[in-house]
Amino acid sequence: MAVLAVVVDARPYVLADRRASSVILPSICFTFAIALAWGVVPALAVQVVAVTVAGVRMRLAARRTFHLTMQHAVAICAAVAVAGLFSLRIGPRPDWDDALLTVAAAVAWILARYGLAAGVARVTSHRRRRRARRRGIEVLATGALLLLGPVVLATAQVGLAFVPLVLLALHAVHRTVRSATESERAERVDALTGLPNRRALQASVGDKHGRQRALLLLDLDRFRTVNDALGHRVGDRLLVEVARRLADVVPAHDLVVRLGGDEFAVLANRVDGVPEARRIACHLVEALNRPFALDGLPVDVSASIGIALQGDSADDGATLLREAEAAMYDAKQRGDQVAVYGPDAAHHSPDRLALLADLRRALREDAPDDGIMLFYQPQIAIPTGEVVGVEALLRWQHPERGLVGPEELIRVAEPTPVMRLLTLRVLHDVVAQVAAWRDAGRSLRAAVNVSARDLHAGGIADRIEELLREYAVPADLLQLEITESALMADPHRVLNTITRLDRMGVAISLDDFGTGYSSLQHVRRLPLAEVKIDRSFVLGMATDRGDAAIVRSVIDLAEALGLRAVAEGVEDERTWRLLAAAGCHAAQGWFHGRPMPAADLETWLLRYRPLRPGPMSVVMPAPSS
């Protein structure tokens, strides 16, 4: 029995991501039996030798081997104490009472060992107790090994030839533990890179910690370009190389995680404040700035990093990750590589983060009563007075906040992936509404606002094509509007998407024209259909000569480039007539109609009568003082 105990501990059962206190030694099968048959002294002697062998095999430090030895020694003493209390000795003919007392001794062994381990962990560290499910694997395997011991002992008294057969049973226990360990590891490890995953990060953030920590969220810039140019296989290899480089430069006491896609995170466990967190972020940026060699081709990669600090209040993992994500999108929006989450910033306020979470939930659940709705404002052809189209304007009836306007919604959603969900929802509802109008005999072109982020993704063209085909809507009845400032920030990245949409027949309108300092070269080369004159100029053109001059210049420029000119913010008849005299093609504003739900628009269209400007003498406004 002693020889078998030492031999089997040359292959201990080590659970994934465990400390020495969670190692399961198969020798306990034999030392437990020795304790019940021959007492505590021989059992302790054999166990010490077996633990030493296991410690050498696992390359444990002497201190950890000593801890493991103490745990098993205390467990054996507890089991022998229970056995001695009831005069239990396993002999050649055990009865039912012996079986029950053996179970009691095994329970005492388990309680003593894991109770001691938990007590030491609570005193010497700040780690939380492991989940019951994770500890259950250890207890189940330990109990099986302990109860197998008396069976081996009873068998040996019948004939020693049967004792080696117990090795098959031990092998079965080993495979069970290994299978459970691999399953748990798969839940916490990213399959592509081998790094811990989001679940592992959540568990690590939840562990109590004595010092301030920082979560650094990294999003690779232009990773989609690598996928498109070199293929997904090379893209996956790049992610593996990025993971390897991050793991190499991050200290062992910190955690490197792949969250999914091209997003990684680093949980820095020893941070003294924002300056230290920024220093770590800059170190990561420098590491990623060195080119990656893939098939002999150097690939340059950069990353935007958002930092969120976790203090003594021990923010939960979801909150910390949300804050780091907000900081990361802030860095991308500002063109910086590093940004720190600050609760004082308006877009980082808890109120706005809560609104974003509610919006994400509403979009993903897609319930009929989620409160997301569209209003439509008519666009009027100035020369004829006909309704030539409508602009779809987003509204959200929040269950607690009431009506949330489009400005607040876009401000909250645009820096985050929620913007894509919102755009897809609006496109679906608008195309469905255009199809309903067309079936009713009314062909109205509907304009939808999209962000530059939507056009960067590229997949928006595929989705629009699917929707137009699904609802049998002609492409010329859909128009996309993008703000001048967003488009001019990176016109080259959206050129392919805009060109494809133009070839499909979907028109592109440049919104808020005159506010984005755009290059006329870009305006000339991009396949645009119209420009919308910003309302800030239109509202003042009846009283301010400068605004009037800008409006006329934009109209003349649009005419020269073959584009439609649409004026927003037409609030009164005088402005409308000035626009007509300047040759503006269409107008949109409260002078003709306010934004309204689709049902109210139907009623408005039935009552509307075209109004033509007619001849007039244009009186220009006096110069502003």
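The following questions and answers concern a predicted model.

Reader: What distance separates the end C-alpha atoms of helix α17, and what span should its residues give?
Author: Helix α17 comprises the 12 residues 459-470. At 1.5 Å a residue, these should span 16 Å, a value with which the model agrees. The end C-alpha atoms are 17 Å apart.

Reader: Which residues of α17 are buried, and what arc do they cover around the axis?
Author: The buried residues of α17 are Ile460, Ala461, Ile464, Leu467 and Leu468. They lie on the same side of the helix, because the arc that they cover around the axis is only 125°.

Reader: Which residues are exposed on the other side of α17?
Author: The buried residues of this helix include Ile464 and Leu468. On the other side of α17, the exposed residues are Arg469 and Glu470.

Reader: Which helix gives the most residues to the largest nonpolar core?
Author: The largest nonpolar core has 82 residues, and among those that touch the most other members are Leu359, Ile464 and Leu601. The helix that gives the most to this core contributes 10 residues and runs over residues 418-439; it is α15.

Reader: With which residues is leucine 601 in contact, leaving aside its neighbours within four places in sequence?
Author: Leucine 601 is one of the residues that touch the most other members of the largest nonpolar core, as is Tyr376. With sequence neighbours within four places left aside, the contacts of leucine 601 are Tyr376, Val390, Trp437, Leu444 and Met596.

Reader: How many residues apart in sequence are the parts tied together by glutamate 391 and lysine 532?
Author: Glutamate 391 and lysine 532 form a salt bridge in which the closest N and O atoms are 3.0 Å apart. Glutamate 391 is buried at 3% relative accessibility, and lysine 532 is buried at 0%. Glutamate 391 belongs to strand β9 and lysine 532 to strand β14, so the pair ties together parts whose separation in sequence is 141 residues.

Reader: Which helices are tied together by arginine 500 and aspartate 462?
Author: The side chains of arginine 500 and aspartate 462 meet in a salt bridge, at 2.6 Å from N to O. Arginine 500 is partly exposed at 32%, and aspartate 462 is partly exposed at 35%. Because arginine 500 lies in one helix and aspartate 462 in another, the pair ties together α19 and α17.

Reader: Is cysteine 584 buried or exposed?
Author: The cut-off for a buried residue is a relative accessible area under 20%. Cysteine 584 has a relative accessible area of 2%, and therefore counts as buried.

Key
Residues are numbered from 1 along each chain as its sequence is written. This is a predicted model: local features need pLDDT of at least 70, side-chain atom pairs count only at pLDDT 80 or more; totals for chains, interfaces and linings use all residues. Side-chain values use heavy atoms; hydrogens and water are left out. Helices (H or I, at least four residues) and strands (E, at least two) are DSSP runs, numbered from the N terminus. The expected span of a helix is 1.5 Å times one less than its number of residues. Buried means under 20% relative accessible area, exposed over 50%, partly exposed in between (1.4 Å probe, protein chains only). The arc is that of the directions from the helix axis to the C-beta atoms. A nonpolar core is a set of buried Ala, Val, Leu, Ile, Met, Phe, Trp, Tyr and Cys residues joined through side-chain atoms within 4.5 Å. Contact means heavy atoms within 4.5 Å. A salt bridge is a side-chain nitrogen of Lys or Arg within 4 Å of a carboxyl oxygen of Asp or Glu.
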